[in-house]
Amino acid sequence: MSQFTTGDAGDVFSSDAAFDALYPVYIGALSAIHWTPLEVAAKAAVFLAPDDNARVLDIGSGVGKFCIAGAHFAPGHFTGIEQRTNFVKAGNKVARQLGAQRVTLLHGNFMDLDLGAYTGIYFYNSFHENIVHDDALDEKIELSSELYERYTGHLLHELKQMPVGTRLATYWLSITEIPACYKEQGSYFGDLLKLWIKEY
Ligand SMILES: C[S@@+](CC[C@H](N)C(=O)[O-])C[C@H]1O[C@@H](n2cnc3c(N)ncnc32)[C@H](O)[C@@H]1O
């Protein structure tokens with residue numbers, strides 16, 4: 001059952017095709033590779049947001065699919081940070097249309113955000129396009145292996161600073177070294193989705 005209080009959520013969460021059809025065609029066409037499938041979003045969101053106090057951050061939120069689906073399937077607040085303006089605009093339009101009040105989609109670079117304000121982090125391999133350019137979403141932003149190293153280093157550093165109990169969900173992870181202070185809690189969808197809790 002939808003956790004949204006207003007709006008026309010309808011059957012859009014019944015399939016990825018139905019959800020993706022809310023967006024312009026060029027965005028829906030990116031979904032199979034670049035946006036989280038609904039069943040993965042549901043599993044990750046329920047873990048990341050066990051109660052109303054949860055504050056979940058999606059690092060590289062694209063068109064907001066994880067955040068919007070997360071708020072449908074779980075309690076808590078879902079914030080996304082995304083560097084491409086057109087994706088943020090498209091996501092906010094869909095969030096408004098569905099009445100997704102527990103969703104905030106921000107435009108910016110995650111490096112400028114205080115991760116300490118969140119109790120859970122979702123990460124779908126967002127920096128990958130910097131090292132495999134064939135997988136780039138578009139040509140709107142600068143991509144480089146230097147940026148990959150800088151973003152990855154910053155994320156791993158920030159993860160180590162988070163409080164004990166922080167929840168982390170990783171999907172299609174290419175960063176091989178999640179800090180040892182995070183203990184894996186489970187692995188799903190052919191090991192693509194991994195759930196972690198910071199233990200020390
Ligand atoms: C694979 S998509 C994932 C989208 C979304 N998390 C989902 O699951 O539906 C990764 C997104 O991360 C964004 N991204 C990459 N590096 C970023 C950065 N440093 N700051 C903010 N967004 C970033 C990209 O623009 C892209 O839209």
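**Packing of helices α4 and α5 and the ligand shell**

In the predicted model, helix α4 (residues 38-48) packs against helix α5 (residues 65-73) at an angle of about 60 degrees, and the two axes lie 8 Å apart. Angles from 65 to 115 degrees count as roughly perpendicular and those under 35 degrees as roughly parallel, so α4 is oblique to α5. The crossing of α4 past α5 is right-handed.

On the α4 side, the contact is formed by L38, A41, A42, A45 and V46. On the α5 side, K65, F66, A69, G70 and F73 take part. By class, eight residues of this contact are nonpolar, one is polar and one is charged. Gly counts as polar and Lys as charged, so G70 is the polar residue and K65 the charged one among those in the contact.

Helix α5 is mostly covered, with eight of its nine residues buried. The buried residues of α5 are K65, F66, C67, I68, A69, G70, A71 and H72. Among them, K65, F66, A69 and G70 also belong to the contact with α4.

Helix α5 also takes part in the surroundings of the ligand: α5 and strand β2 (77-82) each supply at least two residues of the shell. Around the ligand there are 22 residues, of which W35, T36, G60, G62 and S126 come nearest. The shell divides into nine nonpolar, nine polar and four charged residues. In the contact of α4 with α5, by comparison, the division is eight nonpolar, one polar and one charged.

How values were computed. Residues numbered from 1 in each chain as written. Predicted model: local features only at pLDDT ≥ 70, side-chain atom pairs only at ≥ 80, totals over all residues. Axes fitted to C-alpha atoms, helices over the stretch in contact; angles between N-to-C directions. Helix = DSSP H or I, 4+ residues; strand = E, 2+ residues; numbered from the N terminus. Parallel < 35°, antiparallel > 145°, perpendicular 65-115°, else oblique. Left-handed = near helix turned anticlockwise from the far one by under 90°. Contact = placed C-beta atoms within 7 Å. Buried ≥ 20, exposed ≤ 12 C-beta atoms within 10 Å, placed from the backbone. Near = placed C-beta within 6 Å.
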